[in-house]
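Good morning, everyone. Please have a look at the sequence and the model on the screen, and then I will walk you through a few places in it.

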Amino acid sequence: MNSARYTIASVAPTLCALMGVSSPNGSTTGAVRSVLSEAGRVFGGGSAEKFLLFAPDAMGCHLAGVRPDLFASVASVAPLRLSLRSVVPPKTPVCFASMFTGMDPLQHGIRKYEKPVLTCDTLFDALARNGKRVAVVTVRDCSIDAIFRGSPVDFFSEEYDPRVTDRALSLIADGKHDFVLAYHQEYDDVMHGSTPFSDEALNAAGNHVESFLRLCRAVDLHWAAFNRAVLFAPDHGAHTDAATGRGNHGDDIPEDMDVFHFWGFGKGVRR
Ligand SMILES: [Zn+2]
């Protein structure tokens, strides 16, 4: 069963299908049917006109046993939960390259912790090519901020997570963009310095969920006229490294590889 599961590379083709555009050139993964059918049910046909993607670094399934309340909160606004596999090695730039190109690491070329500008076609290229206005809001110099610089989209590189949230909230309110990506990294930062289940790390995970809920409320308020979708999409999980006693990720083990993604849809009401 595990081998039949989709990987996080399915995000790009699924998202493109939802927004009515072709997948990135070279994308080898198919769209997730259950997502498309649920969107079709909510929208009554038609595409997603507005999209919020929230990417909290390292918030994998490993947290579900310890803090099921966190994922329950996420599901309260994005109820379609998918169980996905990350890609090998589950390191941040490798993962986001796959998530936003629809390619395996062998194809997009990032196969270790390195942050070159990708030269292959990406989700952001595919959206921009079809007239979609894309905003990528991240923490300055993080993986996403570096590897997608070749794409013709509006980049907002912020000091840290709270500024990312503020910026994304203002972009959602402005309504100029069709697709807003917001990336957060506090949980990953804190768990690397402690453990995946330290009080500080769990507090950071709670901050991510709280931010996602705020963003989703803004989506429903400001994008009410549009068919809209939200996605909570972590890149990988984490485990405690036996040698150092600290949190880490990068191994082909369930703690690092298993992630939940949560999708939510809202039907636009024109007044
Ligand atoms: Zn990561």
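In sequence, the donor residues of the zinc ion are spaced D-x34-T-x142-D-H, where donors are N, O and S atoms within 2.8 Å of the metal (3.2 Å for Na, K and Ca), and water is not among the atoms, so sites may look incomplete. The pair Asp57 and His236 links distant parts of the chain, 179 residues apart, with Asp57 in the loop between β1 (50–56) and α3 (68–77) and His236 in the loop between β6 (228–232) and β7 (239–240); helices (H or I, at least four residues) and strands (E, at least two) are DSSP runs, numbered from the N terminus.

I should say that this is a predicted model, in which local features need pLDDT of at least 70 and side-chain atom pairs count only at pLDDT 80 or more, while totals for chains, interfaces and linings use all residues. Residues are numbered from 1 along each chain as its sequence is written, and side-chain values use heavy atoms, with hydrogens and water left out.

Which protein atoms are the donors of the zinc ion? They are Asp57 (OD), Thr92 (OG1), Asp235 (OD) and His236 (NE2), lying 1.9 to 2.2 Å from the ion.

Are Asp57 and His236 buried or exposed? Asp57 counts as buried because its relative accessibility is 1%, and His236 is buried as well, with a relative accessible area of 0%; buried means under 20% relative accessible area, exposed over 50%, and partly exposed in between (1.4 Å probe, protein chains only).

Finally, Trp263 is found in strand β9 (residues 258–266), and Trp263 counts as buried at 2% relative accessibility.
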